[in-house]
Amino acid sequence: MSVAGPVPMSGVPLGSAAGLLSMLEEEQTQLQVAALTNLNKVIDTHWAEVASSISVIEAMYEDEFFAQRELAALLASKVFYHLGELDDALNYALCAGSLFDVNETTDFVQTMLTKAIDEYIERRNASEESTDPIDPRLIDVVERMFERCFADSQFRQAVGVALETRRLDKLEEAVIRSPDPAESLAYATKACQTLVTSRAFRAETLRALVKMYETSSTEIDHLNVCQCLMFLDDAEGVAAILKSLVDGEEDARLLAYQIAFSLHENEIQAFLDRVADNLPPAEKTTEPETKTEGAGDAAADATETKTEGEKSESELSASPRALLRSVLSGELPVSLHLEFLFSHNKSDLLLLKRIRTAVESRNSVCHSATVLCNALMHAGTTVDTFLRENLDWLSRATNWARFSATAGMGVIHHGQLAEGRTLMGPFLPREGGAGGMRPSPYTEGGALYALGLIHANHGESILPFLLESGRSSGNEVIQHGACLGMGLAALGTANEEVYTDMFRILRTDGAVAGEGAGIGLGLLLAGRGSESKQREILNYCHKTQHEKIIRGCSVGLALTAYGKEESAEPLVEQMVRDSDPIIRYGGCLAVAAAYVATGNNAAVRRLLHVAVSDVSDDVRRAAVMSLGFVLCSTPAQCPRVVGLLAESYNPHVRYGAAMAVGICCAGTGMKEAVALLEPMLTDATDFVQQGALIATAMVMIEQSETNLAPFRKRLLGHITDDREVTMTKMGAIMAQGIVDAGGRNVTIGLRARSGFPRMTAVVSMLTFTQYWYWYPLSYFVSLTFVPTAFIGLDATLKMPHCSVTSHCKPSLFAYPAPAVAEDKKDKGKVVKAVLSTTAKAKAKAARRDAEKRAAGEDVAMETEEGTDTKKEEERGEEKKAESAPAPEPSKEELENPARVTPAQERFVRFDEGSRFAPAVAGMASKTRGFVVLRDTTPGEEVEYVASTRTIVPGVTGPAGGGAAAAPPP
């Protein structure tokens, strides 16, 4: 009997697919098509039965004369999907052609789409190296996926897929077709930093984004364009934009200033210097005309000429171009940060005094840690009161401890660019046998190191002096300090003169000077080291026999790979395969520097492999620690990645895991990070406890005191416990300095607000981790600090009196309460001994009195006593009601400049109707950092914030700005 059409399915659920499967064996095509159609409907519940006939279904697809081959392919794809064979499932889904509907929302379709996109991405990446064409069917599925995104208005998803699949044509189409192209471009710029793992393709993408910004029909987002050009190292392009803006109307000038502040935040000073060099010079005013008629008017003419000349000079310094240059050079931002840190300093000197008292003077490790703690607590504040009040205690530092103590002054006075040399003058090497006793070499070397810390990334003015100091001395300690100072002052500039001098010191083969030269070379060539110079340093590592030199050069080589990603692979490959474990150690750090904040999967896999396979504990520790740098763009991933490593039997791996979490999650206060570190705070190994304490301090810096109070109590317990081991106590003291760093007004920031890594911070954090081998390097952590400040500036780049409102309770982000001095009045009080017979007599008398009261005696007395007690309670309640504090307000007004922590920023807003508002529309929700303000009522007089810091050395008192205090030479 013939069948006219497909067999319809009834609404009753099918108990078994055996009948439909038997129809596949029929010779009539209509029955087979009916079976395939109905099996597609019930495959999700009967796939196990259908799987037994998969060979029949495959044969039907392979039959070229079968009319419904695509239907058979779709059914086969679903069978393989349920069997978990996703490769076969994708192959048959592609064979199904148009029957594979990408618009369906079933699990099968979503899984196949994900698999198809992953396969397409892999083929696109491989196509750069091979010429094999990509399957057209795969391309068709991806094209249909894009069309689905456009139809559903999922433009962000389309941008993400376009970036992952490296389809710049689809990226441009997604931006053009979106209802808000400006928002889509901004999202694409941000996503480019996290989704694109190839540096070359990222650069290509950024060029395409810049082109789209320029051709967009909407207003150009100059801020994002300049950020893209900065990554592309296009100083000329940035300079051209800034020139056109600064020479325009007032709104355009304000935008130019805001762009300059945003670029400065990335801390690539060498790039900003090139931008400034490409800008035209400041406007010149015409010379005032002088009168020559008559001698009687000579004096008046001279006075008039002088007044006009002074006016023209002041106008020149305050011209828009001059103001822009002051921002690009870093002079103005550094000065404003100094002003903020000094005026808002909340360091607790009583807490420092308690730490000093708890530390045994003979313990040089804890003594040096206390000096570091003080330096970090007052970083950038210019306040050296603690050192001045404890000169005798400080003078106990000898040799390298003296070197470190002197270097600590550079941390305290960081940013005093004009006064740095004067401040450190008493401790610097003296020229031509100047009068007076010459300081010890350790003091001189520490002072040169301190100059580098003061002028870090802004060292043009001090570099000649550091070069001369390194050349004129043959002492290794002084050369060591000079190399560190030169490296910091010329950070990332690749200055040839500095390179020649430091390599000369390296070739002297002195262990101490050579280590400093190796690290200094790395700082100098950070992110700009050519292959020839890298090869030169690596060859010297193989020649020398000094481990200190090899380690210094290995760390330096790692710094030269900063931000190079795939370009650093030849160096990384050579270092991680070296037979010397110290060079392999440097290779792991090179991976960290090269792939910082990229989350590159290949880099993570390599580091994890080294962490579990290398025979050297030092290399394994470095590999785990380096994961924190690679993953710092996505802090939530780090605790998951190193979770198992934190439970390793090897204490070096556990220490590395702790530091990785601290570096990656610094300043976030993440609960997952704190929970991971909690068990290691009580680890059986002392250096693991040390690492966990330091890492927890990094994570918890600038967090709410509600969350931070238990950790503070733990730290103080470790410090004051006389039985605590030295390593743990040292870690607790360092952690205390980090938690209260910068007068409790800074956080640790490895990335700028733009999402790009901050070069100085990353390089300094990587160098800080080497305190394990060389304690003076611990001062590098101060260069990772970022002031948590809102600093509003008007068109003259001065701070007007204005405010923002924090819409939360003031106590939530308030400074911690200062430490309270211990009351020693009751100490030494003798406790009287109570004899057992006396206690028994008292108990007997108490029982007798209780029996009398029970019998009703002295009722009147009890009544009177009860009345008096009731009156006293009423009076107490009245007093309590009078003295009860008023309810805490729900918001707080913050005066410019103000402390705004990262967690607090989302609560802080500009008030509606405020006289000063952000000049850039997109900055309205950003109330941290430098914000250029527009005056909405320009005709009124503006009152500016008065400076509280005197910058002339020797004039101010011991609270800041005077000659530096340090151990007697």
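1. Buried here means under 20% relative accessible area. With that cut-off in hand, strand E4 (residues 803–806) is a good place to start in this predicted model. E4 is covered on both of its faces: Ser-803 and Thr-805 are buried on one side, and Val-804 and Ser-806 are buried on the other.

2. Next, the partners of E4. Strand E5 (residues 892–895) pairs with E4 in the antiparallel sense over four bridges, and Val-804 stands opposite Leu-894 of E5. Strand E7 (residues 908–909) also pairs with E4 in the antiparallel sense, over two bridges. In that pairing, Ser-806 stands opposite Val-908.

3. A step back to the whole chain may help you get oriented. The protein chain holds 45 helices and nine strands, and 53% of its 969 residues are buried. Among contacts with a separation of 6 or more, 74% are between residues 24 or more positions apart.

4. The open sheet deserves a look of its own. It is built from four strands in the order E6-E3-E9-E8, with mixed pairing. At the edges are strand E6 (898–899) and strand E8 (916–918), each of which pairs on one side only. Strand E3 (residues 789–793) and E6 run antiparallel and are joined by two bridges; within this pair, Ala-789 has Arg-899 as its bridge partner.

5. Which helices lie across this sheet's strands E3 and E9? Helix H14 (residues 250–264) lies across E3 and strand E9 (929–935), and runs at about 175° to E9. Helix H18 (residues 331–343) lies across E3, E6 and E9, at about 125° to E3.

6. You will probably want to check the backbone at two kinds of unusual spot. Most residues other than glycine have a negative phi, and most peptide bonds are trans. The peptide bond from Asn-896 to Pro-897 is cis, with omega near -5°, and Pro-897 sits in the loop between E5 and E6.

7. Positive phi values turn up at Glu-267 and Arg-744. For Glu-267, phi is near 60°; this residue belongs to the loop between H14 and helix H15 (269–278). Glu-267 has a relative accessibility of 15% and therefore counts as buried. For Arg-744, phi is near 65°. Arg-744 is part of helix H42 (residues 741–744), and is buried with a relative accessible area of 5%.

8. On to the packing. In soluble globular proteins, nonpolar side chains tend to be buried together. The largest nonpolar core in this model has 292 residues, and Phe-100 and Phe-768 have the most contacts inside it. A second, separate core of 11 residues includes Phe-790, Cys-802, Val-931 and Leu-933. Leaving out residues up to four places away in sequence, Phe-100 touches Leu-74, Ala-93, Phe-108, Val-109, Met-112, Leu-113, Val-141 and Arg-144.

9. How far apart are the end C-alpha atoms of helix H33 (residues 581–594), and does the value agree or disagree with the expected span? They are 20 Å apart, and because 14 residues at 1.5 Å a residue should span 20 Å, the two agree. If you redo that sum, note that the expected span is 1.5 Å times one less than the number of residues. In H33, 13 of the 14 residues are buried, so this helix is largely enclosed by the rest of the structure. Asp-580 caps the N-terminal end of H33, with a side-chain oxygen 2.9 Å from the backbone nitrogen of Ile-582.

10. Two hydroxyl-bearing residues in helices round off the tour. Ser-404, in helix H23 (residues 400–412), is buried with a relative accessible area of 2%. Apart from neighbours within four places in sequence, Ser-404 is in contact with Tyr-775, Pro-776 and Tyr-779.

11. Thr-37 lies in helix H2 (residues 29–50). Is Thr-37 buried or partly exposed? Thr-37 is partly exposed, because its relative accessible area is 30% and the partly exposed class runs between 20% and 50%. Its side chain reaches the backbone oxygen of Val-33 at 2.8 Å. The C-alpha atoms of Thr-37 and Leu-75 are separated by 8.7 Å, although the two residues are 38 residues apart along the chain.

How values were computed. Residues are numbered from 1 along each chain as its sequence is written. This is a predicted model: local features need pLDDT of at least 70, side-chain atom pairs count only at pLDDT 80 or more; totals for chains, interfaces and linings use all residues. Side-chain values use heavy atoms; hydrogens and water are left out. Buried means under 20% relative accessible area, exposed over 50%, partly exposed in between (1.4 Å probe, protein chains only). A polar contact is a pair of N or O atoms within 3.5 Å; within protein, one must be able to donate a hydrogen and the other to accept it, and residues adjacent in sequence count only if both atoms are side-chain atoms. A nonpolar core is a set of buried Ala, Val, Leu, Ile, Met, Phe, Trp, Tyr and Cys residues joined through side-chain atoms within 4.5 Å. Contact means heavy atoms within 4.5 Å. Two strands pair if DSSP finds at least two bridges between them. Axes are lines fitted to C-alpha atoms, for helices over the stretch in contact, and angles run from 0 to 180 degrees between N-to-C directions.
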